[in-house]
Amino acid sequence: MAKYVCDTDTVKSIGEKLCQTASDISNGVQSYSSSIESDLSTWTGTAKESFNSSNATYVTTAKTDATYINALGEFVKNAAESIQSLEDELAGLQI
């Protein structure tokens with residue numbers, strides 16, 4: 001009988017790396033955003049408004065992407081746990 005094996009430790013590790021990457025992106029975007037806001041504090045006029053508007057769009061997009069990456073990482077980790085649970089259950093069956 002064929003046995004299907006999933007290296008759940010590797011899959012779980014990949015999920016954890018995705019979550020860490022999402023955290024790194026989120027922290028980097030927050031740092032960037034704070035720095036830009038500080039730098040723009042001395043600006044005035046339409047250039048500031050235009051840049052702020054454009055920058056806010058990019059920051060929001062990056063934060064949304066980081067949230068998605070984190071959710072994907074959590075999904076991968078949960079999938080690995082489910083696969084391991086099913087493998088353990090199947091291993092216990094006597095046919």
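Here is a short tour of the structure above, stop by stop.

**Before you click**

What you have open is a predicted model, where local features need pLDDT of at least 70, side-chain atom pairs count only at pLDDT 80 or more, and totals for chains, interfaces and linings use all residues. Residues are numbered from 1 along each chain as its sequence is written, and side-chain values use heavy atoms, with hydrogens and water left out.

**Stop 1: helix α2**

Start by selecting residues 46-91, which make up helix α2. Helices here are DSSP runs of H or I with at least four residues, and strands are runs of E with at least two, numbered from the N terminus. How far should the 46 residues of α2 span? At 1.5 Å a residue the answer is 68 Å, and the end C-alpha atoms are 67 Å apart, which agrees. (The expected span is 1.5 Å times one less than the number of residues.)

Next, colour the buried residues of α2: N55, V59, A66, G73, V76, K77 and A80. Buried means under 20% relative accessible area, exposed means over 50%, and partly exposed is in between, using a 1.4 Å probe and protein chains only. What covers these buried residues includes α1, judged by contact, meaning heavy atoms within 4.5 Å.

Now click on T67, also in helix α2. Is T67 buried or exposed? T67 is exposed, with a relative accessible area of 55%. Draw a line from T67 to L18: they are 49 residues apart in sequence but 11 Å apart in space, C-alpha to C-alpha.

**Stop 2: the salt bridges**

A salt bridge is a side-chain nitrogen of Lys or Arg within 4 Å of a carboxyl oxygen of Asp or Glu. By this rule you can find two of them.

For one, select K12 and E81, whose side chains meet at 3.7 Å, N to O. K12 sits in helix α1 (residues 8-40) and E81 in helix α2, so this pair ties together parts that are 69 residues apart in sequence. K12 is partly exposed at 31% relative accessibility, and E81 is partly exposed too, at 42%.

For the other, select K77 and E74, where the closest N and O atoms are 3.3 Å apart. Both lie in helix α2, three residues apart, or about one turn of the helix. An α-helix has 3.6 residues a turn, so residues three or four places apart point the same way. You coloured K77 earlier: this lysine is buried, with a relative accessible area of 16%. Its partner E74 is partly exposed at 33%.

**Stop 3: the aromatic pair**

Searching the whole structure turns up one aromatic pair. Select W43 and F51: their ring centres are 5.8 Å apart and their planes sit at 55 degrees, so the pair is tilted. The rule covers rings of Phe, Tyr and Trp (its six-membered ring) with centres within 6.5 Å; planes under 30 degrees apart are stacked, over 60 edge-to-face, and the rest tilted. W43 is partly exposed at 37% relative accessible area, and F51 is partly exposed at 34%.

**Stop 4: the cysteines**

Last, select C6 and C19. How many disulfides does the whole structure have? The search finds zero, a disulfide being a pair of cysteine sulfur atoms within 2.5 Å. The sulfur of C6 is 17 Å from the closest cysteine sulfur, in C19, which is too far for a bond. C6 is partly exposed at 21% relative accessibility, whereas C19 is buried, at 11%.
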